[in-house]
Amino acid sequence: MSDLYPQQQLSDSKDCPPPSDNYQILKTRDAMLGEYLQIRRALPNRQRRMIGAWCFLDHFGPLPLQNNAGMQVGPHPHIGLQTVTWLIAGKILHRDSLQNEQIILPGQLNLMTAGRGIAHAEESLVDDKGVLHGAQLWLALPDAVRHSEPAFNHYAQLPMIAQKEVIMTLLAGEMLGERAPTKVYSPVVALDIKANRQAALELPLNSQFEYGLLVLQGNAQLAQMPLEVGTLMYVGYGHQGLQMQLSPDAHLLLIGGEPFTEEVLIWWNFVARSKAEIYEATKQWQSLQHFKDVPGTRLPRIAAPQVVL
Ligand code: MN
């Protein structure tokens, strides 16, 4: 996924309130992804740059594709991160510079580990006239592994947990005795939560973790605070559990992890530690060095914005 805004702002993980044990309500902001897809960006947020190693969270749709080309994001580069793509409805075709080509469907997870560098393209299919709805997240790679070789994993099946009227899918980490196969490099969790009827849900939390709860559909209530689409609730460390009320159609995404102590700079599609690294990666992409081509896509390569940091 790639933001096409010409003006890119630097996100510095230390330039926000430090991890706390409080609740915090954050608002998503609208942005365009490619020419056709409006998304809600929950992270990075001016009030909260990261939650654990999660440093980026976009929510897109539900968007009917009858008159919309949906996701049309041509080849673009990444360094220093993993992308996690999760669909509630629709399908997306992923292609990358390792020559992977993979359609992702609801209930499946795509994990792309950029490491020292990868390029990819993501697109809705021309004949897809359904509804597109999902999320894409980035995990910052810890310093010890962020220069590793790139990789791509597709997980066709993930652990599912049923609790009364609520069906949960574990995208990463551990919850309620289940462990996701997703290959991550820091202590994190991600859980899709879907209510089939109005429900009360209680989840155990790791008191070492901070968490974020994003509403994808419907609404919820947590600690007397109403949550709806466009809100991300931060739940700081030190909590043993979470109690929430879910509307009959509620669909939520819970993310969490140990507060990430390394200072992380994000600019465009790069997760780095210094401005020099960002300049270098941008130069390499623009001069067709370092990053390989993405075979198979008809979409044009995306030029990097001018670096002004
Ligand atoms: Mn991308």
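Trainee: In this predicted model, is Arg49 buried or exposed?
Mentor: The relative accessibility of Arg49 is 9%. A residue counts as buried under 20%, and therefore the class of Arg49 is buried.

Trainee: Which residue forms a salt bridge with Arg49?
Mentor: The closest N and O atoms of the pair are 3.3 Å apart, and the limit for a salt bridge is 4 Å. The partner that meets this criterion with Arg49 is Asp15.

Trainee: How many residues apart in sequence are the parts that Asp15 and Arg49 tie together?
Mentor: The salt bridge is formed between Asp15 and Arg49. Asp15 belongs to the loop between strand E1 (11–12) and strand E2 (23–27), whereas Arg49 belongs to the loop between E4 and E5. The pair therefore ties together parts of the chain whose separation in sequence is 34 residues.

Trainee: Which accessibility class does Asp15 fall into?
Mentor: Asp15 has a relative accessibility of 34%. The intermediate class lies between 20% and 50%, so Asp15 counts as partly exposed.

Trainee: How many salt bridges does a search of the whole structure find?
Mentor: The bridge between Asp15 and Arg49 is one pair that meets the criterion, and Glu174 with Arg179 is another, with closest N and O atoms 3.1 Å apart. For the whole structure, the number found is twelve.

Trainee: Is Arg95, which forms a salt bridge with Glu101, buried or exposed?
Mentor: The closest N and O atoms of Glu101 and Arg95 are 3.4 Å apart. Glu101 is exposed, at a relative accessible area of 52%. Arg95 has 12% relative accessibility, and its class is therefore buried.

Trainee: Which residues are joined with Arg95 into one salt-bridge network?
Mentor: Arg95 is buried at 12% relative accessibility. Through salt bridges that share partners, Arg95 is joined into one network with Glu101, Glu123 and Arg298.

Trainee: What is the arrangement of the rings of Trp268 and Phe270?
Mentor: The structure holds six aromatic pairs. In the pair of Trp268 and Phe270, the ring centres are 5.5 Å apart and the planes meet at 85°. Planes over 60 degrees apart meet the criterion, so the arrangement is edge-to-face.

Trainee: Which residue is linked by ring pairs into a cluster with Trp268 and Phe270?
Mentor: Trp268 and Phe270 are both buried. Ring pairs link these two residues into a cluster with Trp267.

Trainee: Over the face of which residue does Arg301 lie?
Mentor: Two arginines may be considered here. Arg48 lies over the face of Tyr234, at 3.9 Å from the ring centre. For Arg301, the distance to the ring centre is 3.8 Å, and the residue is Trp285.

Trainee: Which residue is joined to Pro44 by a cis peptide bond?
Mentor: Most peptide bonds are trans. Pro44 is placed in the loop between strand E4 (37–43) and strand E5 (54–64). The cis bond has an omega of about -5°, and it joins Pro44 to Leu43.

Trainee: In which strand does Pro62 lie?
Mentor: The peptide bond that leads from Gly61 to Pro62 is also cis, with omega near 5°. The strand that contains Pro62 is E5.

Trainee: What is the phi of Gln224?
Mentor: Most residues other than glycine have a negative phi. Gln224 is found in the loop between strand E21 (219–222) and strand E22 (225–228), and it is exposed, at 69% relative accessibility. Its phi is positive, near 65°.

Trainee: Which accessibility class applies to His290?
Mentor: His290 lies in the segment after helix H1 (275–286). The phi of His290 is positive, near 75°. With a relative accessibility of 36%, the class of His290 is partly exposed.

Trainee: Which strands give two or more residues to the lining of the largest cavity?
Mentor: The search finds one cavity of 30 Å³ or more, and the largest cavity holds about 70 Å³ of space. Its lining includes Thr83, His94, Met112 and His120. The elements that give two or more residues are strands E7 (81–89), E8 (92–96), E10 (109–113) and E11 (118–123).

Trainee: How many charged residues are in the lining of the largest cavity?
Mentor: Glu122 is among the lining residues, and Glu belongs to the charged class. By class, the lining has six polar and four nonpolar residues, and the number of charged residues is one.

Terms used: Residues numbered from 1 in each chain as written. Predicted model: local features only at pLDDT ≥ 70, side-chain atom pairs only at ≥ 80, totals over all residues. Heavy atoms only, no water. Helix = DSSP H or I, 4+ residues; strand = E, 2+ residues; numbered from the N terminus. Buried < 20%, exposed > 50% of the residue type's maximum accessible area, 1.4 Å probe, protein only. Salt bridge = Lys/Arg side-chain N within 4 Å of Asp/Glu carboxyl O. Phe/Tyr/Trp six-rings, centres within 6.5 Å; stacked < 30°, edge-to-face > 60°. Lys NZ or Arg CZ within 6 Å of the ring centre and 35° of its normal. 1 Å grid on protein atoms, 1.4 Å probe; cavity = no way out; pocket = protein on both sides within 12 Å on 5 of 7 lines; lining within 4 Å. Points joined across faces, edges and corners; volume = space filled by probe spheres on them.
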